[in-house]
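The following exercises concern one protein chain. Please work through each task with the sequence and the structure at hand before reading its solution.

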Amino acid sequence: MSYIEKHLNDGEEILLNGRFHWLWYARAWAALILFGWLIVGLIYFIYEMIRLATTEFAVTDRRLVKKTGFIATNVDQMSLEAIEGASMKQGVLGRIFGFGNLDIEGRGEGEVDFPTMAAPADFLKAVNNARGRAERASIDRLAEDLEDHQKTS
């Protein structure tokens, strides 16, 4: 069970788990194969595999979550209601191979910078869909509260 799954709030569900693109694993393996005879290649391989294995990011029905770290854990999260905008960057190779960077901006100085990921457009689409559902749910709750208030008056 992942860190994010263990730390979901009651009733919260994961809509999409982000993932690294296969090229990041290939890059680590290439460093090991090409430079493994040097200690630098082995150290880079170990570092990169630990980083890839211990970084998680997901969209839930309530928030965005990014967890990094092996011994010390760093968690960045943002509620869907706090999202103000997003920035996606894909270079030529990113467009060809399907990877890119995604930065989500929130109210004030809040920002969640996601690592280079596979299918950033799909992740952004899941964020936008979750935001839409959250906004509709809050409007529905407000309408129900107003209806209840009118019935009691």
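**Exercise 1. Determine in which strand Phe-57 is found and whether Phe-57 is buried or exposed.**

Step 1. Phe-57 is found in strand E2, residues 56-60. Helices (H or I, at least four residues) and strands (E, at least two) are DSSP runs, numbered from the N terminus. The model is predicted: local features need pLDDT of at least 70, side-chain atom pairs count only at pLDDT 80 or more, and totals for chains, interfaces and linings use all residues. Residues are numbered from 1 along each chain as its sequence is written, and side-chain values use heavy atoms, with hydrogens and water left out.

Step 2. Phe-57 has 2% relative accessibility and therefore counts as buried. Buried means under 20% relative accessible area, exposed over 50%, and partly exposed in between (1.4 Å probe, protein chains only).

Step 3. Contact means heavy atoms within 4.5 Å. Leaving aside neighbours within four places in sequence, Phe-57 is in contact with residues including Ile-4, Leu-16, Phe-20, Val-65, Phe-114, Met-117 and Phe-123. Phe-123 lies 66 residues from Phe-57 along the chain, and their C-alpha atoms are separated by 9.9 Å.

Step 4. The burial extends to the strand: 5 of the 5 residues of E2 are buried, so E2 is largely enclosed by the rest of the structure. Glu-56, Ala-58 and Thr-60 are buried on one side of E2, and Phe-57 and Val-59 are buried on the other.

**Exercise 2. Establish the order of the 4 strands in the open sheet that contains E2.**

Step 1. Two strands pair if DSSP finds at least two bridges between them. Strand E1 (residues 14-17) is joined to E2 by 3 bridges, and the two run antiparallel. Ile-14 has Thr-60 of E2 as its bridge partner.

Step 2. E2 is joined to strand E3 (residues 63-68) by 4 bridges, again in an antiparallel arrangement. Here Phe-57 stands opposite Lys-66 of E3. A hairpin through 2 residues joins E2 to E3.

Step 3. E3 and E4 run antiparallel and are joined by 6 bridges; Leu-64 has Met-78 of E4 as its bridge partner. These two strands form a hairpin with 5 residues between them, and Gly-69 in the turn has a positive phi of about 110 degrees.

Step 4. The order is E1-E2-E3-E4, with antiparallel pairing. E1 and strand E4 (74-79) stand at the edges, each with a single partner strand, so one side of each is left without a neighbour in the sheet. On average, neighbouring strands of this sheet are turned by 20 degrees against each other, direction ignored.

**Exercise 3. Describe the open sheet of 3 strands, and state where Ala-119 is found.**

Step 1. The order is E5-E6-E7, and the pairing is antiparallel. Strand E5 (83-89) and strand E7 (111-118) stand at the edges with a single partner strand each, so one side of each has no neighbour in the sheet. Neighbouring strands are turned here by 15 degrees on average, direction ignored.

Step 2. E5 pairs with strand E6 (residues 99-106) over 6 bridges in the antiparallel sense. In this pairing, Gly-85 stands opposite Glu-105 of E6.

Step 3. Ala-119 is found in the loop between E7 and helix H5 (120-152). Ala-119 has a positive phi of about 50 degrees although it is not a glycine. With a relative accessible area of 26%, Ala-119 is partly exposed.

**Exercise 4. State how the axes of helices H2 and H3 are arranged.**

Step 1. The axes of H2 (residues 22-35) and H3 (residues 39-54) come within 8 Å and cross at roughly 160 degrees. Axes are lines fitted to C-alpha atoms, for helices over the stretch in contact, and angles run from 0 to 180 degrees between N-to-C directions.

Step 2. H2 and H3 are therefore roughly antiparallel to each other, a term for angles over 145 degrees.

Step 3. Residues making the contact include Trp-24, Ala-28 and Leu-32 of H2, and Leu-42, Phe-45 and Met-49 of H3.

Technical notes
Parallel < 35°, antiparallel > 145°, perpendicular 65-115°, else oblique.
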